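Open the model in your viewer and keep the selection tool at hand. The stops below are given in the order in which to visit them.

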There are 2 protein chains.
Amino acid sequence: MKPFHSYQNPSLAIDLVVFGYQQRTLSVLLLNRNEMPFKDTWTLPGAFLQMDERFKDTCSRVLKTKLGMDNVYLEQLYSFDEPERDPRGRVIAIAHYALINPKNFAITAGSMANDVQWFDIHQMPELGFDHQEIFTQALQRLRSKILYFPVGFELLDDLFTMPELHELYECILDTTIDRRNFRRKILDAQYIINTGKKREGLQNRHPDLYKFNKKLPKNAFQLNIN
Amino acid sequence: MKPFHSYQNPSLAIDLVVFGYQQRTLSVLLLNRNEMPFKDTWTLPGAFLQMDERFKDTCSRVLKTKLGMDNVYLEQLYSFDEPERDPRGRVIAIAHYALINPKNFAITAGSMANDVQWFDIHQMPELGFDHQEIFTQALQRLRSKILYFPVGFELLDDLFTMPELHELYECILDTTIDRRNFRRKILDAQYIINTGKKREGLQNRHPDLYKFNKKLPKNAFQLNIN
DNA sequence: GCAAAAGTGTTACGGCTACACCCATGG
DNA sequence: CCATGGGTGTAGCCGTAACACTTTTGC
């Protein structure tokens, strides 16, 4: 058998589109690079794959060491192969996206305050590398997936109200959805379970608190928007 | 700047799920390996990515040199990172699938007759590496994509009849679809254009010949099956 | 003129959209 | 008791599934 790894191989980078939801806004976590290339430019967080790592391991390493996050919803997105996408040389990027609840991870304080930051998806800066394209694909994927699969609960607290879930969907899909029709569809799909508890301390009627139904039924769920 | 490619990187393989449609059967092209590992075992065709190649270049190279095919519909599928997936060492596979019309490429004759062969997707042999998983995902992707996107025309001749298209869909989705409802949906979606010509030489009524509408309208097409 | 298959039309049901109404809470 | 927002119900429309009928061809 040939000396297998003596060939020259491209480097393998894992790039991460980390989505967070807070203050009724869908945001993405960006990192301001402090070295060349693209020094002082906002980019997606990422790292090179080590020989003993699976993709998810690299993702976890980035999330843990650079962002202090743990136990995160991850999905592989797409791989990017443009030869000139990295000026340092040939780098293949395996893009993933993550969904997290920012409340669980305080990014805003600490030593990284300056170079790690949430950006409203409507107010993104210019990104280095081909990260704009990666981000666009990630958002597209999230938007289409949420129409037929119970993704999105990872962005909320364990307990959430129907209006909160409703607003999340509107925010991600960037549209308005009829409150009552949304409720019925979500309930029919049995994605969520009413806990009987109520959210207290609001000005008006206290809405029911729901939790995600982990044993999700395979009822076809299809959310149609106008 | 660091010596960038001095790190050890995994090898990058491109694996191909080549779908073909013939004799009312959806088939996959498999290759009988003539070297270790998995010698004399059926596998998906593939090759290692060269430093100057994009994914599609590698795909084309495999399709051209190993299979004599050219100008083929290709789509990136998913990347597989299991560290033990290749006994020779760490190999990441970027899987793609291709749709071709076998009529355009005579595989059955020639020097490769013995080690390249079409297999009915219902009668597949055991596959080497993790290729069974890759194949399964490819089939799944094809099946879900055909429900909302005009993929599949690549499997047919340039001119085809409505019953032929109908049968292709039934074959890919492995179900029955009402002939008349199918026709209406496809026509409404404007995926195809009636050429006015007819298929001659049949026993019964001569069906109209259609061609694929290349400037596909973005009407949402959704084929629902029971 | 008969069998087989392709083209065309229709009806009736179900699901969704687009609504209105009632209920709970704080001030 | 009023404003605000959350919970519940419903009517009417539209799309489509499930059909029947007519037309064309070969023998």
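A surface patch here is made of residues with over 30% relative accessible area and no salt bridge, with like charges joined within 9 Å and nonpolar side chains (Val, Leu, Ile, Met, Phe, Trp, Tyr) within 5 Å. A salt bridge is a side-chain nitrogen of Lys or Arg within 4 Å of a carboxyl oxygen of Asp or Glu. This is a predicted model, in which local features need pLDDT of at least 70 and side-chain atom pairs count only at pLDDT 80 or more, while totals for chains, interfaces and linings use all residues; side-chain values use heavy atoms, with hydrogens and water left out. Residues are numbered from 1 along each chain as its sequence is written, and chains are lettered from A and ligands numbered from 1 in the order in which they are written.

**Stop one: a charged patch**

Select A:Lys197, A:Lys211, A:Lys214 and A:Lys215, which form a positive surface patch. Then keep A:Lys215 alone: it sits in the segment after strand S10 (208–212) of chain A. Strands are DSSP runs of E with at least two residues, and helices are runs of H or I with at least four, numbered from the N terminus. A:Lys215 counts as exposed because its relative accessibility is 71%; the classes are buried under 20%, exposed over 50% and partly exposed in between, with a 1.4 Å probe and protein chains only.

**Stop two: the two chains**

Show both chains. A turn of 180 degrees and a shift of 0.0 Å along the axis lay chain A on chain B with an RMSD of 0.0 Å. The two copies are therefore related as by a two-fold rotation axis. The superposition is by least squares on the C-alpha atoms of residues with pLDDT of at least 70 in both copies. Which residue of chain A comes closest to the rotation axis? Select A:Asn9, whose C-alpha is at 3.0 Å.

**Stop three: cis peptide bonds**

Go to A:Pro37, in the loop between strand S2 (25–32) and strand S3 (42–43) of chain A. The peptide bond that leads to A:Pro37 from A:Met36 is cis, with omega near -10 degrees. In chain B, the bond from B:Met36 to B:Pro37 is cis, with omega near -10 degrees.

**Stop four: positive phi in chain B**

Select B:Asp174, in the loop between helix H3 (162–173) and helix H4 (179–188). Its phi is near 55 degrees, a positive value in a residue other than glycine. B:Asp174 counts as partly exposed, at 48% relative accessibility.

Finish at B:Gln190, in the loop between H4 and strand S9 (192–198). B:Gln190 is not a glycine, yet has a positive phi of about 60 degrees. Its relative accessibility is 42%, so B:Gln190 counts as partly exposed.

Definitions and conventions. Areas by Shrake-Rupley, 256 points an atom, 1.4 Å probe, with all protein chains shown as cover. Lys, Arg positive; Asp, Glu negative; His and termini not counted. Charge placed at Lys NZ, Arg CZ, Asp CG, Glu CD.
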